[in-house]
Amino acid sequence: MHAVYQESFHIEGGDFSRAGAAASRVKQILKEIGLDSSYVKRAVVIAYEAEINVVSYATRGKMTLTVSPAKIDITVEDVGPGIEDIELAMQEGYSTASDWIREMGFGAGMGLPNIKKNSDFLEIESEVGVGTRVHAEVHLAKGGRPS
Amino acid sequence: MKLREIVESLGLEVKCCGDRLDREVTGAYASDLLSDVMAKSKAGDVWITLQTHMNIIAVAALNDLAGIILVNGREPEEATLKKADDEGIVIMVSKEPTFEVAGKLYEMGLRGGHGAG
């Protein structure tokens, strides 16, 4: 059993040149811990989509990765516009992204649905005009080691 | 098959990381939506896209993709090439559109292998 690992990463809103940096660190850390690649892949999708959401919509955000023998926990809190209707935002294809974000191949309304598909637990809290908190978990069997 | 065979067979121009053409390619995925590629691509895939901005490099690196083929003769942006060099992501350019590139890779025996869902 390895100890609980925790690390936080800053995410700057609007800075597409660094988008993916936090997800990249998440991948690196989970691989170093030695988790099975299927768990790493799911966590990386969650981290990337949550990071892109902050970059696309928020002023700034913080991603916290916590790894215990039972689960990978990814929590992203941002200061930003918030989500008016979370249920609508969870629908595949729904997006409020601007044209230039869409032209880059983002904003297809797949971010939150991708997070949901890869999570064993997902909780989203948001306050309009304040910010959003996304808390996702990937549960690990046998400490997440390759079988 | 190796990236080198694809480059030679399709007459691709290699824009970055020509020293990595011995990378094994196990499949392919074609899409211009980054979330779609995050969700559906597999490690070892070569990715066919018309997107040229630097965020394609993070997507390729996060998913351990074998390389990126840009279609329609699209030139990668300067920042994209720099990041590709940093991350060791092979970037190739085809003069042809997505449909032709995908068709030729399929003829060479590559499959997506993703199925429905």
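Colleague: Which residues in helix 4 (residues 78-87) of chain B are buried?

Modeller: In this predicted model, B:T80, B:K83 and B:A84 are buried. Being called buried takes 20 or more other C-beta atoms within 10 Å of a residue's own.

Colleague: What puts them on the same side of helix 4 of chain B?

Modeller: They cover an arc of only 105° around the axis, so they share one side of that helix. On the other side, B:E78 and B:D86 are exposed. The buried residues pack against strand 1 (13-16), helix 3 (55-62) and strand 5 (91-93) of chain B.

Colleague: Nice. Now chain A: how do you know that the side chains alternate along strand 2 (residues 60-67) of chain A?

Modeller: A:G61, A:M63, A:L65 and A:V67 point to one face and are buried, while A:R60, A:K62, A:T64 and A:T66 point to the other and are not.

Colleague: And what makes strand 2 of chain A and strand 3 (residues 71-79) of chain A a pair?

Modeller: Pairing requires at least two bridges, and these antiparallel strands have eight. They therefore count as paired. One of the bridges matches A:T64 with A:T75, and a hairpin of three residues joins the two strands. Strand 1 (residues 5-12) of chain A also pairs with strand 2 of chain A, antiparallel and over eight bridges, with A:E12 opposite A:R60.

Colleague: Which residues have the most contacts inside the largest nonpolar core?

Modeller: Among them are A:A43, A:A50, A:I74 and B:I69, in a core of 68 residues. Its largest share, 13 residues, comes from helix 2 (residues 37-57) of chain A. Beyond its sequence neighbours within four places, A:A50 is in contact with A:M63, A:I74, A:V76, A:I115 and A:V134.

Methods: Residues are numbered from 1 along each chain as its sequence is written. Chains are lettered from A and ligands numbered from 1 in the order in which they are written. This is a predicted model: local features need pLDDT of at least 70, side-chain atom pairs count only at pLDDT 80 or more; totals for chains, interfaces and linings use all residues. A nonpolar core is a set of buried Ala, Val, Leu, Ile, Met, Phe, Trp, Tyr and Cys residues joined through C-beta atoms within 7 Å. A residue is buried if 20 or more other C-beta atoms lie within 10 Å of its own, exposed if 12 or fewer, and partly exposed in between; C-beta atoms are placed from the backbone. Helices (H or I, at least four residues) and strands (E, at least two) are DSSP runs, numbered from the N terminus. Two residues are in contact if their C-beta atoms, placed from the backbone, lie within 7 Å. The arc is that of the directions from the helix axis to the C-beta atoms.
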